[in-house]
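Got your viewer open and a selection box ready? Here's a walk through the structure, one selection at a time.

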Amino acid sequence: MKGYLQQRFVIAAALAPTVLIAVYFIWGFGAATAYLSFTDSGFLPSTKLIGLLHYQKLFSSARWWNTYGNMFIFGGIYLFGCLGIGITVAAMLDQRSHSAIVYRTIYLYPIAMSLIITGLAWQWVLSPTTGLQHFVRSLGFENFGLNILGSSEFAIYAVAGAAVWHSTGLVIVLFLAGMKGIDTDLWRAARIDRIPIWRTYTSIVLPQLRSVLMTAIVLLSFNVVRSFDIVVALTKGGPGRASELPALYAYDFYFVRGNIGRGSAAAVIMVVSIMVIVLPYLLYELRSRKQ
Amino acid sequence: MIKRYFVAMVATAMFLANTSYAETDVSHNWNAEGEAAALAVFKATYESLGGTWKESAFPKTEDSQASTKTRFLGGNPPMAVQGALGGSTADFANAGMSADLSAYAASGNWDDLYTSGIAGSGKHDGKWVSIPVFVDTVNWLFTNKGVLDAAGVGEPTTWNDFVDSLSTLKNAGVIPVAIGGEDWQETVAFDHMILAAGGASFYENVMSGDLDAIGSDAMVQAFANFATIREFTDEGKAGRSWNDTNNLVVSGKAAYIFMGPWATGGYADMEEGKDWSCRLTPWSNTVTALADGFHFIKSDNSADKEAQRLFAAALTDLDTQVKAAAAKGTLPAMKGADPAEFSGCSTKAVDRMNSGETATHWNALSSGLKSALKDTVTAFWNGDMSPAEGRDALLAAVKDI
């Protein structure tokens, strides 16, 4: 009994710093940011409360609404792109299990790269004067045009596409692992009933992988919130501010413009928006799993 | 087992508590060739006075200043941070971060060393808090003369000649105007458009936030000029840095670039006047200028204070400033420099300052006005606003500060 208590204490003591650090650095700093968004913090943080002024200015700024809209374009393409392509490829790999290891390695490789390298690589590919457009034109197709990065309308799609390329591998690996865990008897039964393979996946396999889906959605949605480096490397938020995401907007106000209050307000709206979408889903999933 | 764990924890805590000490370093973003050479001149004088040189280098002003703010809040600031003086001098002073340099200023007679305009950029409420070391002239037009010759174009001296030359150059298969994809690069080019539309006093009025000047027809003309040169840029400009953009002119792929004097270093292997040229806006007898220097950061630490005393003495030494300015390709901020010390582009800047009109460059403005200008310029340049809509957007942005 004494040994058991001592063991428990050691475990608790060993974990305590991690828990304290997580609470302090995540929730503590989060609360501090929320507080600063209600103060007149400018060049340096201040504690003088001024109410909702920063939010009013934020909501009356055309630049902010463009940036905020970009988060949903980027987030939508990123989430559905990664999940759609990831699940499809995972199912295909699941069907050819002997070569799966090779393909899994290939598809997972991009995630080993940092986002800034991903952005830089795609910047080289998409740059009209040195990349793909230049290459195709040098083959003799003089009228070929591909200047996504220079287009105010489409630059954000280039950012989203590069991010999907980066993170799809993660979804593939998660789902492939889940699919390998499906009872083989289910497959036999489906084959006897002559159920098409795609139908087996959509109606039998995927419903059993809901917790995997939840894991993937949580991981991906936090990537949406913190997307910063990929935009910086790929477009610097441009042309103009056309492909700017909220993290970049917040950075600009924090560090370039010396307006910590407005930057904090942007950060709060950014996190709360993602929470509003993801939290109900998480609660629903967790509750239905308990039952 | 438990005991060992606590020993480790206490040791860690003691280590963390013990790391507060005076760093006495200088935070800067002078990394380009000429900038680094200028810094080395200040470093040499500082060391000859007995200082121990330490520096923290950053890629951009905002990174260097963000680090300074964070370290100030953490109680371990650098002794000084480099940056444009003027609006940001007030930013630092209002935030309570500035060291009071009055005592050094009095013993060194700084008020006699600078003209009152330049001295003002280093003072807040009459007290010296920052030290100007250079006067940067920003409105330069760099030209690759080889490219112009090949296209059969003479160097334009008026705005109309300049615009005429653009289509000839485009037909010759080169990029007429090189520009990058950052808001400040676009706004540096826009300076020349304002000067073409209204000259020095108009520029000065716009930069002081005068709503009549900003709402005028001349402002519409400035945006129209800007839209004209947009037709003569290349499609690779999105997201391009200034060095890559400058390199297009250096390598003969482009003819012109509007850029500050820091671009001069790129042409080191070519002969000025023959292969390339640097000229202040040819279509207006104006120089847009700002003071560049060091903000001194408040510290109670005696090591910091001693380092600051020595660094201030090094910065306000005329000979040092002249040598550093020559290395950077710019002008010293102090009075009394011998014109024979300058060469090439700097001589032209001195001539223009003596014979023409000087206006305050936008980078010396408060962050609010500066942001309104950069936001509107980049929105216009990358959007589909008409020139009148551009004027209205700028007016709205300035009113909203």
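Among contacts in chain A between residues at least 6 apart in sequence, what percentage join residues at least 24 apart? The figure is 71%. Keep in mind as you go that this is a predicted model.

**Stop 1: chain A on its own.** Hide chain B for now and switch to cartoon. You'll be looking at 13 helices and 0 strands, so to speak an α element at every step from the N terminus on. Show the C-alpha trace and line the view up with the principal axes: chain A spans about 80 × 70 × 30 Å along them. If you colour by burial, 35% of the 291 residues of chain A count as buried.

**Stop 2: where the chains touch.** Bring chain B back and select the contact between the two. Chain A puts in 24 residues and chain B 26. On the chain A side, pick out helix 1 (2-36) and helix 12 (246-256), since each of these supplies at least two residues to the side touching chain B. Now colour that side of chain A by residue type: you should get 10 nonpolar, 10 polar and 4 charged residues.

**Stop 3: split chain B in two.** Give each domain of chain B its own colour. Domain 1 is 20-135 + 290-357, and domain 2 is 140-288 + 361-399. Drop a marker at the C-alpha centre of each, and the two markers for chain B will sit 28 Å apart.

Next, select the residues where the domains meet. Here 22 residues of domain 1 of chain B are in contact with 19 residues of domain 2 of chain B. Which helices should you highlight on the domain 1 side? Try helix 2 (33-48), helix 4 (87-94) and helix 16 (345-355) of chain B, each of which supplies at least two residues there. Helix 16 of chain B gives the most to that side, with 5 residues. By type, the domain 1 side that touches domain 2 in chain B comes out as 8 nonpolar, 8 polar and 6 charged.

**Stop 4: a sheet in chain B.** Select strands 8, 9, 7 and 10 of chain B. These 4 strands make an open sheet in the order 8-9-7-10, with mixed pairing. At the edges you'll find strand 8 (175-178) and strand 10 (276-280) of chain B, each pairing on one side only. Neighbouring strands in this sheet are turned by 15 degrees against each other on average, direction ignored.

Zoom in on strand 7 (residues 140-144) of chain B: 5 bridges join it to strand 10 of chain B, and the two run antiparallel. For a specific pair to label, take B:Asn144, whose bridge partner in strand 10 of chain B is B:Trp276.

**Stop 5: the nonpolar cores.** Now show side chains. The largest nonpolar core has 112 residues, and those touching the most other members are B:Phe142, B:Ala178, B:Ile194, B:Ala254, B:Tyr256, B:Ile257 and B:Phe311. Helix 10 (residues 183-207) of chain B gives the most to this core, with 12 residues. Turn your domain colours back on: both domain 1 and domain 2 of chain B give residues to this core, so it lies between them.

Centre on B:Phe311. Leaving aside its neighbours within four places in sequence, B:Phe311 is in contact with B:Tyr46, B:Gly51, B:Met79 and B:Ala80. For a last selection, go to another core that lies apart from that one: it has 63 residues, among them A:Ile156, A:Leu245, A:Ile260 and A:Val268.

Terms used:
Residues are numbered from 1 along each chain as its sequence is written. Chains are lettered from A and ligands numbered from 1 in the order in which they are written. Two strands pair if DSSP finds at least two bridges between them. Axes are lines fitted to C-alpha atoms, for helices over the stretch in contact, and angles run from 0 to 180 degrees between N-to-C directions. Two residues are in contact if their C-beta atoms, placed from the backbone, lie within 7 Å. Ala, Val, Leu, Ile, Met, Phe, Trp, Tyr, Cys and Pro count as nonpolar, Asp, Glu, Lys and Arg as charged, and the others, Gly among them, as polar. Domain bounds come from an automatic or database domain assignment. A residue is buried if 20 or more other C-beta atoms lie within 10 Å of its own, exposed if 12 or fewer, and partly exposed in between; C-beta atoms are placed from the backbone. A nonpolar core is a set of buried Ala, Val, Leu, Ile, Met, Phe, Trp, Tyr and Cys residues joined through C-beta atoms within 7 Å.
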